[in-house]
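Me: Could you walk me through this protein, one small question at a time?

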Amino acid sequence: MNKILALSLPFPGVCKVLEHGEGLGLWKFICLKPGHPPFPIGDIAMLGAWSPDYSSLIEVLPFQRLGVLWTSSAGEMGFESYEQQALKAIMEDDRISFVWFGDKSLARLFPEKGFWAPYPFDIPDPLPEVLPKSDIMTLFCPDTAKKNMFNQLVAAVFLQRKLGFLTLETNIQVPEVIRSELRCRQRGWLPEDKYKSILSSSKLNLACSWAETFNYQAAEAALLGVPSVGSPAIPWLPRQNIVENPNDPEEIARVAEAVLEKNWLSLRAHLVHYALAANNQLRESLSRL
């Protein structure tokens, strides 16, 4: 397989993909920072997403071929118009020979450069210890419209009224209109160790976004023995964890209540099975670059 160097500005979702791929030995990943030393020589350079800052970087990269990892789905691009312009620039740049899309539809839309492959997932060995759970649920995500936050906050209120427990732990700002109805602790954006500590003690994780191409946060929860209720946008979640309509807080609450009664071991096993197959498929795709 060709030697690949993956480089990205600190875009959280993009870097998560590249960190997992590096953990599997698929490439070397460098998170770009000012004053970085000279880059190692290889066959292929792959940039994470796109930024105008990449234009000058391309001129000094010592590689034979150049590609881009594009993690946004078509739905996510509908929320962020600047991403539409960025992808247009990528497709028109003759220096870029391939684009790895996390969205099958975008790969089909741009077949001249694009291909689809699943994301890597570096399965820890041994798997994390599952810690005792507290009466909390979690909603940790970037504060963006695509994450469907208000519907999930309303669903959390319905769950609390029905069950009488499950305080919400979240990093997002709860709107004033719902603040008095919701029992929650607002944490802000947490350091990794504190985030993992809270997540590992959760009984339920909310992940009903409008648009995704994977959702590593829900996968991290599953590894820690925490089930997620999600939307059809998350490709690896089993059917019983998915709501049909992310615009219906009552349905989110119903599915969440049912998920609470499931065996978390089955979800973790499901994720590991998916990841093993996805990693093999990605290796095969990369071998053809």
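**Pockets, strands and overall build**

Me: By class, how many residues of each kind does the lining of the second largest pocket have?
Reply: This is a predicted model, in which local features need pLDDT of at least 70 and side-chain atom pairs pLDDT 80 or more, while totals for chains, interfaces and linings use all residues. Residues are numbered from 1 along each chain as its sequence is written, and side-chain values use heavy atoms, without hydrogens and water. A pocket is an open set of 1 Å grid points, over the protein atoms alone, where a 1.4 Å probe fits, with protein on both sides within 12 Å along at least five of seven lines; lining residues have an atom within 4 Å of a point. Sorted by class (Ala, Val, Leu, Ile, Met, Phe, Trp, Tyr, Cys and Pro nonpolar; Asp, Glu, Lys and Arg charged; the others, Gly among them, polar), the lining of the second largest pocket has nine nonpolar, two polar and three charged residues.

Me: Which residues lie nearest the centre of that second largest pocket?
Reply: Its lining holds 14 residues. Those nearest the centre are Gly 102, Lys 104, Trp 116, Thr 213 and Pro 235.

Me: Which element gives the most to the lining of the largest pocket?
Reply: The largest pocket is lined by 46 residues, and Phe 11, Pro 12, Gly 13, Val 14 and Pro 142 lie nearest its centre. Elements here are DSSP runs numbered from the N terminus: helices (H or I, at least four residues) and strands (E, at least two). Those giving two or more residues to the lining are α1 (12-23), α4 (81-92), α8 (192-200), β10 (204-207) and α9 (216-223). With seven residues, the top contributor is α1.

Me: How do the residues of the largest pocket's lining divide by class?
Reply: Let's sort this lining too. The residues divide into 25 nonpolar, eleven polar and ten charged.

Me: Are the residues of β10 buried or exposed?
Reply: In a regular strand the side chains alternate between the two faces of the sheet. Leu 204 and Leu 206 point one way from β10, while Asn 205 and Ala 207 point the other way. With buried meaning under 20% relative accessible area (1.4 Å probe, protein chains only) and exposed over 50%, these four residues are all buried.

Me: In β11, which residue is the bridge partner of Asn 205?
Reply: Strands pair if DSSP finds at least two bridges between them. Strand β7 (residues 136-139) pairs with β10 in the parallel sense over two bridges, and there Thr 138 has Asn 205 as its partner. Three bridges also join β10 to the parallel strand β11 (residues 228-230), where the partner of Asn 205 is Ser 228.

Me: What share of the residues in the protein is buried?
Reply: The protein has eleven helices and eleven strands. Of its 289 residues, the buried share is 53%.
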